[in-house]
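Visitor: I've never read a protein structure before. Could you walk me through one, starting with the whole and ending with a small detail?

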Amino acid sequence: MEDWTEGYIADVDYSQGYYRELTPSFLSFALLSAGIRPPSLTGKLRYCELGAGHGFACNVVAATHPEAEVWTTDFNPAFAATARRIADAAGIPNIRVFDSSFEEFAALDLPPFDMIVLHGIYSWVMAEHRKSIVDFIRDRLAFGVVVYLSYNCLPGWSPIQPLRRLLSEMAQRATGSTEERIEKALDEADELAALGAAYLQANEAARAQLGKIRGMSRSYIAHEYFNRIWTPLYHLDVARQMHQAKLTFAASAELQHHVERLCLTPEQAAKIAGIDDPPFRETVRDLMLNQQFRKDIFVRGPERLLASERRELLMKTRFALVWPRNQVELGAAYTQGVYPLDSGPAAELLDALASGPKTLAEMAASNDPVEFERKVEAMVVLVGTGRVEPGLPAAADAERADRARRFNDVILERARHGDQLQSMVSPVLGGAIKVERLHRLFLLGEALGHKDFASFAYAIMREELEAEKRQGKQARPPSPLGIMMLAQRFDGDIRPILVQHGIV
Ligand SMILES: C[S@@+](CC[C@H](N)C(=O)[O-])C[C@H]1O[C@@H](n2cnc3c(N)ncnc32)[C@H](O)[C@@H]1O
């Protein structure tokens with residue numbers, strides 16, 4: 001008899017990453033960029049995450065949206081327990097965590113939701129579960145509701161699909177723990193390559209991928225390559241399934257693709273623009289871009305904004321740097337060229353943001369519509385590159401800051417024992433930003449009253465590396481001088497960003 005995992009890998013821990021696409025302010029900006037009315041981000045947002053893993057992101061949303069009601073489920077009880085523990089430790093009252101399957105969750109007495117998000121779920125579950133997800137969404141959506149759905153897609157995965165299947169089958173036939181079976185499967189695939197398997201010879205992409213997989217984190221590849229269920233999908237089919245829940249594709253959360261002239265040749269863009277059927281148009285675009293992963297935003301009854309209204313809403317949107325200004329690269333590389341970040345509108349925006357978060361109105365004073373669109377394009381590129389993030393209105397910063405501080409205390413304390421929670425909560429964004437572990441240890445040392453926070457971090461790192469050495473692992477302890485220099489760099493480059501986000 002099948003157990004609750006239904007072939008889903010449950011004995012290898014899944015990373016506790018933060019995906020910014022789960023942040024309401026990010027989804028709102030993606031919709032605005034595409035000219036679609038976003039949901040209201042303040043007030044009683046009812047937010048639901050399905051298959052939340054360890055539930056870090058939904059806890060961040062609950063912590064930074066005090067009026068919101070957040071509901072989440074993941075059928076892995078260990079994951080749901082972590083989510084619950086984080087909520088309890090950080091004192092987040094407005095989240096409800098379940099370890100129910102999607103079907104069991106649907107049977108609960110739940111409110112209609114304004115936002116339902118699923119990251120890395122839809123192509124990793126059986127068709128019958130995709131159907132329950134669609135049924136769940138159909139029955140739980142308020143009007144104008146936003147659904148964020150990411151999935152592995154075709155045609156990008158097509159050359160690698162047989163390799164993935166091979167690895168998964170080999171692992172199932174091997175013995176030992178999941179991690180041991182993964183190693184055996186990788187060795188066996190290498191053996192097939194050495195024997196001259198024609199599939200691997202004919203498919204450069206598959207050969208290269210086999211090499212790359214070895215270097216990837218085992219928890220990532222366990223879930224990406226070794227789950228029994230793994231089905232890359234065509235957008236066309238996903239759009240048809242979402243149509244059953246009265247949802248229409250509204251925008252991609254992959255902002256890099258919003259600036260079409262940077263992604264497609266004029267001839268490719270003209271060909272795509274000539275396709276009347278929107279889901280087919282998107283599918284042909286995937287073919288042009290050889291898309292492997294899609295980040296779709298669907299809306300129930302999307303409303304196209306009038307130009308003046310879109311402008312007004314964009315002007316009110318606040319943005320913040322999440323990367324030191326002096327470390328932003330000179331340009332953003334696209335398939336059709338490099339967009340300059342060291343001159344023109346992007347550099348102007350970066351310079352303005354260097355002194356702190358600002359609305360577009362505070363940075364783009366001109367009333368000229370052409371000038372405004374240039375600035376919006378630059379902002380889409382900057383957010384696309386991950387150097388800038390859209391945020392929430394400043395009005396409730398203080399209220400959000402208290403809750404964020406409590407959550408960040410928990411994150412810092414966890415840094416003492418490992419590197420699981422890698423982001424810190426920003427009340428400005430209503431989301432989180434990545435902060436590397438050494439920096440979190442500096443902040444923890446400081447919070448504990450250590451004036452010399454570099455030595456505090458050094459002692460922890462050194463102790464860990466000594467323990468690894470005792471276990472026979474190769475480990476080079478950090479040098480005290482090296483850590484001191486990194487602490488100075490942290491003070492100069494990173495601390496100002498964290499201050500701007502209300503994190504320190
Ligand atoms: C690839 S992981 C993604 C986790 C998380 N969303 C993320 O992106 O980090 C898929 C998650 O879906 C959960 N899951 C799979 N099938 C499920 C089902 N039928 N009901 C509830 N959760 C499920 C798994 O336990 C796992 O945590």
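Visitor: Okay, how many helices and strands does the protein have?

Guide: Keep in mind that this is a predicted model. The protein contains 22 helices along with 14 strands. Its radius of gyration is 23 Å, close to the 23 Å that the globule rule gives for 504 residues, so the protein is as compact as a globular protein of that length. If you'd like spans instead, the C-alpha trace covers about 65 × 65 × 50 Å along its principal axes.

Visitor: What percentage of the residues is buried?

Guide: A residue counts as buried when its relative accessible area is under 20%. Here, 52% of the 504 residues are buried. On the outside, the protein exposes about 22,300 Å², and 54% of that comes from carbon and sulfur atoms.

Visitor: And how many positive and negative side chains are there?

Guide: You'll find 57 positive and 66 negative ones, with the centres of the two sets 1 Å apart.

Visitor: Now for the small detail: in what order do the strands of the open sheet E11-E8-E12 run, parallel or antiparallel?

Guide: To read a sheet, go from strand to strand and ask who pairs with whom. This one has three strands, ordered E11-E8-E12, and the pairing is antiparallel. Strands E11 (358-359) and E12 (388-390) are at the edges with a single partner strand each, so one side of each lacks a neighbour in the sheet.

Visitor: Which residue stands opposite Thr359 in E11?

Guide: That's Arg318. Strand E8 covers residues 318-321, and it pairs with E11 over two bridges in the antiparallel sense.

Conventions: Residues are numbered from 1 along each chain as its sequence is written. This is a predicted model: local features need pLDDT of at least 70, side-chain atom pairs count only at pLDDT 80 or more; totals for chains, interfaces and linings use all residues. Side-chain values use heavy atoms; hydrogens and water are left out. Two strands pair if DSSP finds at least two bridges between them. Helices (H or I, at least four residues) and strands (E, at least two) are DSSP runs, numbered from the N terminus. The radius of gyration is taken over C-alpha atoms; the globule rule is 2.2 Å times the number of residues to the power 0.38. Buried means under 20% relative accessible area, exposed over 50%, partly exposed in between (1.4 Å probe, protein chains only). Accessible areas come from the Shrake-Rupley method with a 1.4 Å probe; for residues, only the protein chains shown count as cover. Lys and Arg count as positive and Asp and Glu as negative; His and the chain ends are not counted. The place of a charge is taken as NZ of Lys, CZ of Arg, CG of Asp or CD of Glu.
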